[in-house]
Structures are given as C-alpha cells and as structure tokens.
Amino acid sequence: MCNHLAKQAPRPSFALMKIFVLSLVALFLSPSAQAADKIRVSSFSTVLTEIAQQVGGDRVEVTGHVRPDMDPHEFEPKPSDLKTVGDAQLILVSAKHLEGYVGKLKQATGTKGTLLEVGDKFPSLKMKDDHGHDHGPKDGHKHGDLVEDPHWWHSIANTQKAVKIVRDELAKISPADQKTFAANAAAYAGKLDALQKWVKTEIAKLPRDQRKLVTSHDAFQYFAKENGFTIYAIEGLSSADQPSSKKVAEIIAIIKSQGVKAIFPESIQNPKVLKEITRETAAKVGRELYADGLGEGAAGTYEGMYKSNVNAIVSALK
Amino acid sequence: MRGSPLIRALLAFIVIAMLGWPLWRLTSSTEAVATPVSSVPATEAKAIGLQLTFTAVPKSFVIRHLEKDLWSEPTPQAEMEREVTIPFPEKGVDLIVKIEWPEGAALAAARVRLTDPAGDTHEKSVWGQGTTEEVLTFP
C-alpha cells in the first residue's frame, strides 16, 4: 500500500526536472535565443549590407553602419558602431581605401570577427583623388594623386564576385549552413544576371559614339568600362568654391568638343556656373546619379539604384 | 527756346531714347541661347552586310538597332543574308537579336556574321531555347 501510494505521487525532484526541461525548451524557442544563434555581420557598405542579407537570409543578423542617406567618403564610426563591431563575427567593408578608418576598426574593437575587405579581391581602376579629404593616416596620398577607384559595385560583374566572396565567408563561419548560403547566393546571382541583361538592352538605345558621361564625381569608371562609356569628370563643379573662369571655359570646351548632350553634376553648389555651362553648350542637366551606394525609396535596393542610374543616363543622352 | 514745356520735354525724351537704345543694346547682357554646338560630326550611315546561320530554323527573329527594327523575316530559313544601311562609328554598334525558337526544341544557336563598311567580317553567336534576346556588340 505504501509502495502503491509512493508510485502515484510525483517525486519533488522529478517535478523540478520537468520544469527545468520545459524552461530550457522555452528558452531555445524564444526569439532572443534564435537571434543569438544567427551570424552577426557588421557592414560598412550599403551594397554589401544587401548582399549579406540576401545570401545569409534568416541565418544572419546584419547591422548596416553606413545607411543610404550617408556619404561613405565622410563616414566615421561612432562608439555605438564600435560596440557592434566588437561583437560581430563578420565585418564587411568595400575596401580600395574607401574606409580610411578600417585599420583602427579592428584594433579599437578587439573583435575576433573576420574583417573582409571585399573590394580588394578584384582588380582596380585608377581615379584622381578629388574627394578633398583625408582617407586616414595609412593612406598617405594627396589630393590629385592617382588612387584605386573604390566604386567597384557599379560593375555588375564585380558585384557577382562580391556575392561569391560573402557566400564563401559565411560558409566558413557556419559550415552547416553552406547549402542554404549557396542556394541564396545562386538566387541573388540570377537576379543580377537579369539586371545585367536589362542594362545591356537599355544602353543599346544609345549609339556607342554618344556614350559620354560628364560627371562631377569620378565614380562611374567601372560602369563606363562595362558599358562602353567614356567619362569626363569635371573637377570644381561640386565644390563650394567658385571655379575660375578658366576652369569654366575648359568645361564648356570639353562639352562642346565631345558633343555631350547632358551633364550629371552630383550636387550643385554653384547654380550660376551650371547655368552658364548649360547656356553656352545647350547641354541638359541629367537626373541625380547614385554614385556612393544605394539610395532611398525605389533606389534603396541594388537593382533599384542601378536601374535609376541607367534610366537617368539613357533618357538624358538619347 | 520757345514753345510749350511739355513739347520740349517730349523732344528731349525722344532724343535720349534714340541715343540710349543703341547704347543699351551694346551693353546689355541678353542671354544668347546656344544651339548644341558640337565639333563631332554625325556618323554617316553606311552599308553593312548581315548573315545569319541557325542550327534549328526559328519561328521568328528580329534584329534591332537603336530601337528600330533592322531586319525581321516572317518565314526564316536556316541561312539568310541581307545588306542594311546604318551609322557605323569607330566604336562599333550594338545589335539586339531576338529569336523565337520552336516550342520544345533542344538548345539551338544562331551565328550572326557582320561585314563592316571596311569589308572586315565579325562573328557572334547566340544560344537559347524558347525566346532569346541578346545584345551583340560589333566589332
């Protein structure tokens, strides 16, 4: 009888264990535990943020430190950024000297995460350093020097390479998710293929001898090389200082001699100068081009940014 | 001087206006609207030769240049050729080739051979199934 009663009444230790196991299950099923399980990625490029999200899917938690409304040339990480980087397993930067702070980043945070300088994995085109600011103590180049053009994402072929680089790095961090990352990367690469096709068809509307881009920011060389354009970068058009009359005359001469139909000044600080140029040459002013990464609204995705740029160029030069 | 002061004032105004008009014309900063001046001459249209060879006869095809249909055939054959006249700048031309292959057909190819105004020939190939649209750059 005593034995029978003992069998029916649950022992206190068994009940406690049950509660403990249920608590553990609940803990692992909670969203915070799932988030902790994800690969933590810190990205300093709007384009790489999108790539990491697309390739990593729900297996990554991506923090985009440089947002679409920020100029990556002027960006400096804040203490809150450094804290996030300190916990990241993968840190993505455009590289090619775009992020002057990159050396300090790892040193300052003491992170054990992998710093992936994506742009350094493929060949560079050269550009004049006309950003007029310091790229950091290690750069050592002066205004006007030839430097690596960091705007590699304007080549869709480069972006395809970046997708593979990010895919492989995520697979190293979480080998168990290799198949997921491969499938996600393949799907995203398919979208980029379709975009490339669309771009080629749109640009075919322009005669090859009229593919001339006059911009105030030498950021479209990769785009130009891939799509048969010649770039004429005008220094001084975006500067807050009034360009000299000699400089304006040179700009007008270039536009006239090359038969340029439109110019694409990135930011107009000198509306009088622009008015003079357009009056003298009858060149149109094209819509804004997204030079330094993703934009906002419809241009907030890589595809949207690229299509916006191509539409602006084709409509102005047609 | 005799006469009404009103008439004298009117005469003075007319004299000033007559002298002032040419002076104002000489010194004014009227906006001269420029017409697009370019020292780049427009590329002259020249005859080029196009030759198409298909591994499987397509249902239809069209070749476009600068948004205009350059060549399309209602009943294509395995081999065809035609002469067309288009501007052919030194930097070359982009031709959009759209081919509709027969339904269910295996992967097929088309070879496009272009003979440029200088008489040099250039070849490009297009592979596909279903409907294929590709931009071919010559040379």
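In this predicted model, a right-handed β-α-β unit is formed by β7(A), helix α9 (residues 221–227) of chain A and β8(A). A good place to start exploring is the pairing within this unit: β7(A) lies parallel to strand β8 (residues 230–233) of chain A, and four bridges connect the two. Along this pairing, Thr230(A) in β8(A) is found opposite Lys212(A).

Strand β7(A) also has a second partner. It runs parallel to strand β9 (residues 262–264) of chain A, with two bridges between them. Here Thr215(A) has Phe264(A) of β9(A) as its bridge partner.

The side chains of β7 (residues 212–215) of chain A can be followed one by one. Lys212(A) and Val214(A) point one way, while Leu213(A) and Thr215(A) point the other way, and all are buried. Such a pattern is familiar, because side chains in a regular strand alternate between the two faces of the sheet.

Stepping back to the whole chain, chain A is divided into domain 1 (32–122 + 150–199) and domain 2 (206–317). The centres of these domains, taken over C-alpha atoms, are 29 Å apart. Their contact involves 20 residues of domain 1 of chain A and 18 residues of domain 2 of chain A. On the domain 1 side, at least two residues each are supplied by α4 (46–56), α7 (156–173) and α8 (178–203) of chain A. Helix α7(A) gives the largest share of that side, with four residues. Sorted by class, the side of domain 1 of chain A that touches domain 2 of chain A holds eight nonpolar, eight polar and four charged residues.

Notes:
Residues are numbered from 1 along each chain as its sequence is written. Chains are lettered from A and ligands numbered from 1 in the order in which they are written. This is a predicted model: local features need pLDDT of at least 70, side-chain atom pairs count only at pLDDT 80 or more; totals for chains, interfaces and linings use all residues. A residue is buried if 20 or more other C-beta atoms lie within 10 Å of its own, exposed if 12 or fewer, and partly exposed in between; C-beta atoms are placed from the backbone. Two strands pair if DSSP finds at least two bridges between them. A crossover is right-handed if, with the strands pointing away from the viewer, the path from the first strand over the helix to the second runs clockwise. Domain bounds come from an automatic or database domain assignment. Two residues are in contact if their C-beta atoms, placed from the backbone, lie within 7 Å. Ala, Val, Leu, Ile, Met, Phe, Trp, Tyr, Cys and Pro count as nonpolar, Asp, Glu, Lys and Arg as charged, and the others, Gly among them, as polar.
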